[in-house]
Amino acid sequence: MTIKRIVTTAFILACGAGSAALIYAWQPALPPIAPPSPTGFDASEVRYGADLALIGDCRTCHTAPGGRTFAGGLAMPTPFGTIYSTNITPDARTGIGQWSLEAFTRAMREGVDREGRHLYPAFPYDHFSLTTDVDMKALYAFLMTRDPIVAEAPANDLPFPINVRLVLAGWKLLFFHPARYTTDPTHDDIWNRGRYLVEGLAHCGACHTPRNFMGAETRSEDYAGGEVEGWSAFPLGRLSPAPIPWTEDALNHYLREGWQAHHGVALGPMRPVVENLAEAPAQDVAAMAHYLASLGATAGPSVQIPTVSPDASGQRPQSAGWQAAISTPAAGGPIGRAIFSAACASCHLSERPLPLGGVDLALSTSLSASTPQNLLDIVLNGVPASDGNPALIMPGFAGSMTNATLASLLTFLRVEVAGKSAWPDLPAAVAAARKAASPPIHVRATR
Ligand code: HEC
Ligand code: HEC
Ligand code: HEC
């Protein structure tokens, strides 16, 4: 009797939990609409939407290499498998032409497509959910006035059970807490605008915040540094390992121009971000820099570089202190020092101003960061010329340096130049970076 009752109770509880989960998991399809006429939208709203789309990096993720802008199909490698971005042009069949503003808003805020299917968080709706109604409407107006392009996204390459979209309901229940932006009255309008954009559309934390084993951002460690496409997205704010602490002006310059004299050039997955922000409204970028600077202008334990001129506006600053190490024997190993003198010094000590000259490597966060990932990606692949910056060139050394040579060079840079203790497991990191081949510059999407 008692056992029967326990079993029955357990059964009822299980059914209850199951249906609660299903009710949460189930989302209705929203009715299709006839694609709206592009002339039906207000021109200034479309322009504002274009600015927001730049801040949100929509074209970066929704354009495949060599493909049409916003037509989707970009392969996004994740630790779980490959997810392809979708076509967000207003084509009725393969794009979002039949999506109402309501359906678009639901996708951006709740991660559910028009037909009611859950979307993968590779689409950063956990940030986009903050977006206001006004901004949502402008983004919709911008997308609905693009050329409709017929393009079907390739099927995702994900293992069971992650390939079952219903499973995402469980993930969302655990990790997705949609919220709307609330103004913080203790700060001014510029700070609030910056925070709204950084936390929301600009989704900076999607790369700069570490993720847990289920791929969700660890909110208690905001901006503590993340990993993306074989690159380290360095910690920002008070945990920044930059040798010279980031200031509001430096952040503004870096985000706007893609380089900064005391810090170097934005490469890897950060590069498309700065290319988009270069076209975004200057006051929005300035607001983001203002907010970011408030997260802690002081860097972590930093290398003392006393000879750097504080007001190097465009001119490349000097850090002569360590350069003596090239001519004196020291712990980094004479081989590493010799390689640096032969292969790197001509550019990186040339005093040619950024972004065309190489930065004094003592200033580069890639030497003082907790992993050698970015330094390896850059040295192996070099910095090829790109559309925007034809003269930004450094040769790749993948073909001319053995793993042992690279390890000696990196140890010299880390210990002698950055003044830090050697990276552990350097040989393994060198081998992994060579295999991954994560180039510093990707094919560039146009608006
Ligand atoms: C970091 C990459 C990334 C960025 C940035 C991004 N998206 Fe996406 N987006 C995706 C991926 C991947 C999907 C597909 C998710 C899936 O299939 O579950 C997607 C799906 C969508 C969808 C649903 C489309 C459909 O057919 O289901 C919409 C709408 C969308 N994105 C709009 C936007 C807008 C607007 C922006 C800019 C504000 C943007 N995205 C920025 C990666 C991104
Ligand atoms: C797609 C991933 C991605 C996104 C989104 C992203 N970042 Fe980055 N960020 C990176 C990577 C990777 C680096 C390292 C680049 C390098 O080594 O040149 C980086 C570097 C930086 C740096 C330089 C740090 C240093 O000490 O050198 C700053 C500042 C920065 N990002 C700010 C931002 C801000 C602000 C946003 C949002 C507007 C943002 N990032 C969005 C990936 C990203
Ligand atoms: C032909 C000139 C040239 C040579 C040789 C060269 N570099 Fe570069 N390097 C550049 C330029 C230009 C950049 C882009 C500007 C910048 O970031 O300093 C760059 C960027 C870098 C960066 C990114 C710095 C940052 O944070 O912005 C690193 C790290 C780097 N180089 C390391 C090396 C190493 C190590 C060697 C030797 C094995 C080397 N480079 C050889 C020209 C060169």
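How far does a polar side-chain atom of W246 lie from an oxygen atom of ligand 2? The exercises below start there. The model is predicted.

**Exercise 1. Polar partners of ligand 2**

Find the distance for W246, then list further side chains that reach an oxygen atom of ligand 2.

*Solution.*
Step 1. Start with W246. One of its polar side-chain atoms is 2.9 Å from an oxygen atom of ligand 2.
Step 2. Turn to T365. An N or O atom in its side chain lies 2.8 Å from an oxygen atom of ligand 2.
Step 3. Add N374. Here a polar side-chain atom sits 2.9 Å from an oxygen atom of the ligand.
Step 4. Look at the shell. Two or more residues come from each of α9, β4 (231–233), α10 (248–257) and α11.
Step 5. Pick out the nearest residues. The shell has 24 residues, and C204, C207, H208, M270 and T365 come nearest.

**Exercise 2. The iron atom of ligand 2**

Name the protein donors of this iron atom and decide on the geometry of its site.

*Solution.*
Step 1. Find the donors. They are NE2 of H208 and SD of M270, at 2.0 to 2.3 Å.
Step 2. Place them in the chain. H208 belongs to helix α9 (residues 205–208) and M270 to helix α11 (residues 270–279). With their positions 62 residues apart, the pair links distant parts of the chain.
Step 3. Recall the ideal. Six octahedral donors have angles of 90 or 180 degrees.
Step 4. Check the angles. Six donor atoms give angles of 88 to 179°, and the site is octahedral.
Step 5. Check the exposure of H208. The cut-off for buried is under 20% relative accessible area. H208 has 12%, so H208 is buried.

**Exercise 3. The iron atom of ligand 3**

Repeat the analysis for ligand 3: which residues coordinate its iron atom?

*Solution.*
Step 1. Find the donors. H348 binds through NE2 and M394 through SD, at 2.0 to 2.1 Å.
Step 2. Place them. H348 is in helix α14, while M394 is in the loop between α16 and α17. They are 46 residues apart.
Step 3. Judge the geometry. The six donor atoms subtend angles of 87 to 178°, so the arrangement is octahedral.
Step 4. Check exposure. H348 has 13% relative accessibility and therefore counts as buried. M394, at 18%, also counts as buried.

**Exercise 4. The shell around ligand 3**

Which element gives the most to this shell, and which atoms make polar approaches to the ligand?

*Solution.*
Step 1. Survey the shell. There are 27 residues around ligand 3, with C344, C347, H348, V359 and M394 closest.
Step 2. Sort by element. At least two residues each come from β6 (264–265), α14, α16 (373–381) and α17. α16 gives the most, with three.
Step 3. Find the backbone approaches. A polar backbone atom of V265 is 2.7 Å from an oxygen atom of ligand 3. For a backbone N or O atom of V359, the distance is 2.5 Å.
Step 4. Add a side chain. A polar side-chain atom of S364 lies 2.6 Å from an oxygen atom of ligand 3.

**Exercise 5. The iron atom of ligand 1**

How many donors does the protein give to this iron atom?

*Solution.*
Step 1. Count the protein donors. There is a single one, NE2 of H62, 2.0 Å away.
Step 2. Place H62. It lies in the loop between α3 (58–61) and β1 (75–78).

**Exercise 6. The two sides of helix α13**

Which residues of α13 (residues 334–343) are buried, and where do they sit around the axis?

*Solution.*
Step 1. List the buried residues: G336, R337, I339 and F340.
Step 2. Use the arc. They cover only 160° around the axis, so they lie on the same side of α13.
Step 3. Look at the face turned away. It carries the exposed residues P334, I335 and A342.
Step 4. Find the packing partners. The buried residues pack against α14 (345–348) and α17 (403–417).

**Exercise 7. E217 in its loop**

Is E217 buried or exposed, and which side chains make polar contacts with its side chain?

*Solution.*
Step 1. Place E217. It is in the loop between α9 and β3.
Step 2. Check exposure. Its relative accessible area is 10%, so E217 is buried.
Step 3. Find the polar contacts. The E217 side chain meets that of H127 at 2.8 Å. Its contact with the side chain of R219 is also 2.8 Å.
Step 4. Look beyond four places in sequence. The residues in contact with E217 include D126, G205, A206 and T209.

Note on methods
Residues numbered from 1 in each chain as written. Chains lettered and ligands numbered in written order. Predicted model: local features only at pLDDT ≥ 70, side-chain atom pairs only at ≥ 80, totals over all residues. Heavy atoms only, no water. Buried < 20%, exposed > 50% of the residue type's maximum accessible area, 1.4 Å probe, protein only. Helix = DSSP H or I, 4+ residues; strand = E, 2+ residues; numbered from the N terminus. Arc of directions from axis to C-beta. Contact = heavy atoms within 4.5 Å. Donors = N, O, S within 2.8 Å, 3.2 Å for Na, K, Ca; no water. Tetrahedral: all angles 85-135°; square planar, octahedral: opposite > 155°, others 65-115°. Near = heavy atom within 4 Å. Polar contact = N/O pair within 3.5 Å; in protein donor to acceptor, adjacent residues only side chain to side chain.
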